[in-house]
Amino acid sequence: MSEPHRAVYTHGHHESVLRSHRRRTAEDSAAYLLPHLRPGLSLLDIGCGPGTITVDLATRVAPGPVTAVELTDDALDLARGEAQRRDASNVAFVTSDVHALDFPDDTFDVVHAHQVLQHVADPVQALREMRRVCVPGGLVAVRDADYAGFIWFPRIAQLDRWLELYQTAARANGGEPDAGRRLLSWARQAGFSDISPTAGMWCYATSETRQWWGGMWADRILQSDLAAQLVASGLANTAELEEISAAWRAWAATPDGWLGIPHGEILCRA
């Protein structure tokens, strides 16, 4: 049987990647959804990663059940650990592919995905599946970054090159790094008609947040799956990646340094 829907997760699960993902909360990553949550709702969290957002959402809908989904059991172990650490007893864990979710029709009141559609081979099919497993009148909530919209100051040539390399690698893996601006279009193609599109922003401009973001990417560009892919494909060599790493550290040390990351958001009624 063929598997037409297949993409490679560009970032991988190196510690530097998890350092980024574990910082995320429902407040900074799903604020557009939170006013619609209430105790007792059932929620599906697709691509739950290390589970920090998942557990935050679980506290909002408890005692309602939350199901966390990842492609592999190894990836789910990260979220299991977070749920155990925070005693989130209403979270269950299931391996499944968003292109063909292993749940019956009309199962969940809310279906949520954060930074997922930019990595999948067929985001429209993924949204169709999210709609299928959502109860009639329920909510499908999706948020994705838009890499072409990244803004930083001061301009540093090596960071322009970082963005070029990342976009090239992500597309080579079957993803769409500029997903944020496409969410509304993808949702319409998936058959949704009641769509509320919004946008959000992450901003890193304090000494603490610059050091965190810049230090994280300084490590990530040298040690993550992305780095290995760039070198193996001939897109970059180690010396160039070291220059980009140094550029991130230089940016982080700049008192005037500022970075804004735009996100597209959609709330769709099933």
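## Burial and surface

In this predicted model, 55% of the protein's 270 residues count as buried. The protein exposes about 11500 Å². Carbon and sulfur atoms supply 51% of that area.

## Overall build

The protein has 10 helices and 8 strands. Its C-alpha atoms fill a box of roughly 50 × 40 × 35 Å, taken along the principal axes.

The radius of gyration is 18 Å. A compact globule with 270 residues would have a value near 18 Å, so the protein agrees with that expectation.

Many contacts reach far along the chain. Take those between residues at least 6 apart in sequence: 78% of them join residues at least 24 apart.

## Charges

The protein carries 24 positive and 34 negative charges. The mean positions of the two sets are 4 Å apart.

## Cysteines without a bond

How many disulfides does the structure hold? The number is 0.

Why is C134 not bonded to C268? The closest cysteine sulfur to that of C134 is the one in C268, 9.5 Å away. A disulfide needs sulfur atoms within 2.5 Å, so this pair is too far apart for a bond. The view from C268 matches: its closest cysteine sulfur is in C134, at 9.5 Å.

Both cysteines are covered. C134 has 2% relative accessibility and counts as buried. C268 is buried too, with a relative accessible area of 0%.

## Helix α3

Helix α3 spans residues 52–61. It is mostly covered, with 8 of its 10 residues buried. The buried residues are T52, I53, T54, V55, D56, L57, A58 and V61.

An α-helix has 3.6 residues a turn, so residues three or four places apart point the same way. In α3, the buried residues include the unbroken run T52, I53, T54, V55, D56, L57 and A58.

## A26 and its contacts

A26 lies in helix α2, which covers residues 26–29. Is A26 buried or exposed? A26 counts as buried, at 0% relative accessibility.

Which residues does A26 touch, leaving aside neighbours within four places in sequence? A26 is in contact with A31, L34, I53, D56 and L57. Among these partners, I53, D56 and L57 are buried residues of α3. These contacts link A26 of helix α2 to helix α3.

A247 sits elsewhere. A26 and A247 are 221 residues apart along the chain. Their C-alpha atoms are separated by 30 Å.

Key:
Residues are numbered from 1 along each chain as its sequence is written. This is a predicted model: local features need pLDDT of at least 70, side-chain atom pairs count only at pLDDT 80 or more; totals for chains, interfaces and linings use all residues. Side-chain values use heavy atoms; hydrogens and water are left out. Helices (H or I, at least four residues) and strands (E, at least two) are DSSP runs, numbered from the N terminus. The radius of gyration is taken over C-alpha atoms; the globule rule is 2.2 Å times the number of residues to the power 0.38. Buried means under 20% relative accessible area, exposed over 50%, partly exposed in between (1.4 Å probe, protein chains only). Contact means heavy atoms within 4.5 Å. Accessible areas come from the Shrake-Rupley method with a 1.4 Å probe; for residues, only the protein chains shown count as cover. Lys and Arg count as positive and Asp and Glu as negative; His and the chain ends are not counted. The place of a charge is taken as NZ of Lys, CZ of Arg, CG of Asp or CD of Glu.
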